[in-house]
Amino acid sequence: MSSTKRQQTMAKRNRERAAEEKRTLKRLKKQAAKAEKAAGGPMADGPMADGPMADEPMADEPMAAEPTEAEPDVE
């Protein structure tokens, strides 16, 4: 057996660095959410606290139809 170490490839280093950054960002996001919940922020009210406002239409809701140019009533 060889006692020398094999050199790590740049691709492996990049993958490991990306995974570490992702874990760090996730940990920071969780800590921020926990701190905001402890402070009684909007996250404390429930999962929909940061959702769209009640007066704003949601993406899947149809918008109010604008009046189209209909034929005038002729009597």
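Arg 23 and Glu 20 sit 3 residues apart in helix H1, about one turn of the helix. This is a predicted model, and in it the two side chains meet in a salt bridge, with 2.8 Å from N to O. The structure holds 1 salt bridge, so this pair is it, given that a Lys or Arg side-chain nitrogen has to come within 4 Å of an Asp or Glu carboxyl oxygen. Why does the spacing suit a contact like this? An α-helix has 3.6 residues a turn, so residues three or four places apart point the same way.

How open are the two partners? The table has their values.

| Residue | Relative accessibility | Class |
|---|---|---|
| Arg 23 | 47% | partly exposed |
| Glu 20 | 38% | partly exposed |

Arg 23 counts as partly exposed because its 47% falls between the 20% and 50% cut-offs. Glu 20, at 38%, lands in that bracket for the same reason.

Now for the helix itself. H1 covers residues 10-38, which comes to 29 residues. From first C-alpha to last, H1 reaches 42 Å, close to the 42 Å expected at 1.5 Å a residue. Just after H1, Gly 40 takes a positive phi of about 80°.

What else is there by way of secondary structure? The protein has 1 helix and 0 strands, so H1 is the whole count under the DSSP runs used here.

As for the chain overall, buried residues make up 1% of the 75 residues. The protein exposes about 8,000 Å², and carbon and sulfur atoms supply 56% of that area.

Note on methods
Residues are numbered from 1 along each chain as its sequence is written. This is a predicted model: local features need pLDDT of at least 70, side-chain atom pairs count only at pLDDT 80 or more; totals for chains, interfaces and linings use all residues. Side-chain values use heavy atoms; hydrogens and water are left out. Helices (H or I, at least four residues) and strands (E, at least two) are DSSP runs, numbered from the N terminus. Buried means under 20% relative accessible area, exposed over 50%, partly exposed in between (1.4 Å probe, protein chains only). The expected span of a helix is 1.5 Å times one less than its number of residues. Accessible areas come from the Shrake-Rupley method with a 1.4 Å probe; for residues, only the protein chains shown count as cover.
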